[in-house]
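Grab your viewer and a coffee: here are a few exercises to work through on one model. Each task comes with a stepwise solution, so try it yourself before reading on.

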Amino acid sequence: MFCSKTCCIAILVVFIALLSVPPKANATPPATTCTNASIKGAYGLLITGYDSSGLYQVGMGQINSNGAGSFTGIETVSDDGTIFENQSLSGTYSLSANCTGSGTIKNIKNGQLSHYNFVVDPLGRQVEAAGTDSGHGTASGYALALGAATCSTAAAAGTYGFHGGGFLVAQGVMQFDGQFVLDGLGGVTGIETRSVNGAIISAESITGTYSLASNCRGTISYTFNAATVNLNIVMVSGVKSFFTIETDAGTVSTSVAHQ
């Protein structure tokens, strides 16, 4: 359809006016400022590394930060297959305005203080940390906030994909993935694929039980390939994810599960 001369001139004027409007400048992101109060509440913790003897070591637990520079919690550690289960821990931290910091944590095996550096996202939901003590082995890991959540066996119901790995003493390196289906009543089913030193067990069915306490810590026990696997678990991210550590002697294994 053609417009009149007057109509076309009007359209041209509007078009030129639009072109003359300068483009909107990109919004400058707000400055990031962190304080000790940025880390407050319950966090799940997952750590991997090697002890001072060069043996593979992993840890999983939960810390509760007071937002003022200190925390307490509980942790399970596997040191080359020797399990230290549900040990109390405590520590300190100092967080700078640029969201980097440092702190100390009491070693649950010998009571000595270990030191670490860390960074935190601006919302305080995830913390990345690495040990800084020379001659005391190596350790790095991360913590995820629990957030606002009510935990119970029923509240954990859902389907979770998981992956993880570690080491089986006298057998070799292990990696695995799979699916947990928690029924809300204490039953778990699913599948798991596992590689141990290159030997593959593919899509094997799993079945077992689980429980979750109001403090958002719990257990899973299931049968896989005719063997029983026992896990401690800690919920994070509003009960949409959880960390695990295997508590069977001779295993050094952790995993992460997400809905």
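**Exercise 1: two positive phi values**

At 42% relative accessibility, N86 counts as partly exposed, because that label covers everything between buried (under 20% relative accessible area) and exposed (over 50%), with a 1.4 Å probe and protein chains only. Before going on, some ground rules: this is a predicted model, where local features need pLDDT of at least 70 and side-chain atom pairs count only at pLDDT 80 or more, while totals for chains, interfaces and linings use all residues. Residues are numbered from 1 along each chain as its sequence is written, and side-chain values use heavy atoms, with hydrogens and water left out.

Task: find where N86 and D80 sit, and look up their phi values.

Solution.
- Step 1. N86 belongs to strand 4; strands (E, at least two residues) and helices (H or I, at least four) are DSSP runs, numbered from the N terminus.
- Step 2. Its phi is positive, about 50°, although N86 is not a glycine.
- Step 3. D80 lies in the loop between strand 3 and strand 4 (82-95).
- Step 4. The phi of D80 is near 55°, again positive in a residue other than glycine.
- Step 5. D80 has 25% relative accessibility, so it counts as partly exposed.

**Exercise 2: the chain as a whole**

Task: how many helices and strands are there in the protein chain, and what share of its residues is buried?

Solution.
- Step 1. The DSSP runs come to 1 helix and 16 strands.
- Step 2. Of the 259 residues, 40% are buried.
- Step 3. Take the contacts (heavy atoms within 4.5 Å) with a separation of 6 or more: residues 24 or more positions apart account for 43% of them.

**Exercise 3: follow V119 across its neighbours**

Task: which residues stand opposite V119 in the strands alongside?

Solution.
- Step 1. Strand 5 (residues 100-106) and strand 6 (residues 113-120) run antiparallel, joined by 7 bridges; two strands pair if DSSP finds at least two bridges between them.
- Step 2. Here T100 is opposite V119 of strand 6.
- Step 3. Strand 6 is also antiparallel to strand 7 (residues 126-131), with 5 bridges, and E128 in strand 7 is the bridge partner of V119.
- Step 4. The hairpin of strand 6 and strand 7 has 5 residues between the strands, and in it G124 takes a positive phi near 75°.

**Exercise 4: cores**

Task: which residues touch the most other members of the largest nonpolar core?

Solution.
- Step 1. A nonpolar core is a set of buried Ala, Val, Leu, Ile, Met, Phe, Trp, Tyr and Cys residues joined through side-chain atoms within 4.5 Å.
- Step 2. The largest one has 27 residues, and Y160, F180, L182, I220, Y222, M235 and F242 touch the most other members.
- Step 3. Elements giving two or more residues to this core include strand 9 (158-168), strand 10 (172-182) and strand 13 (217-224).
- Step 4. A second, separate core has 19 residues, among them L45, V77, I108 and V120.

**Exercise 5: a cavity, a serine and a pocket**

Task: where is S253, and is S253 buried or exposed?

Solution.
- Step 1. S253 sits in strand 16 and is buried, because its relative accessibility is 3%.
- Step 2. Leaving aside neighbours within four places in sequence, its contacts include V58, G165, M174 and F176.
- Step 3. G165 is 88 residues away in sequence, yet the C-alpha to C-alpha distance to S253 is 5.4 Å.
- Step 4. S253 also helps line the largest cavity, along with residues including F162, F180 and Y222.

Task: what is the volume of the largest pocket, and which residues lie nearest its centre?

Solution.
- Step 1. The volume is about 940 Å³.
- Step 2. Of the 44 lining residues, I47, E75, I105, S114 and A139 lie nearest the centre.
- Step 3. On a 1 Å grid over the protein atoms alone, a cavity is a set of points where a 1.4 Å probe fits but cannot get out, and a pocket is an open set with protein on both sides within 12 Å along at least five of seven lines; lining residues have an atom within 4 Å of a point.
- Step 4. Grid points are joined across faces, edges and corners, and a volume is the space filled by probe spheres set on the points.
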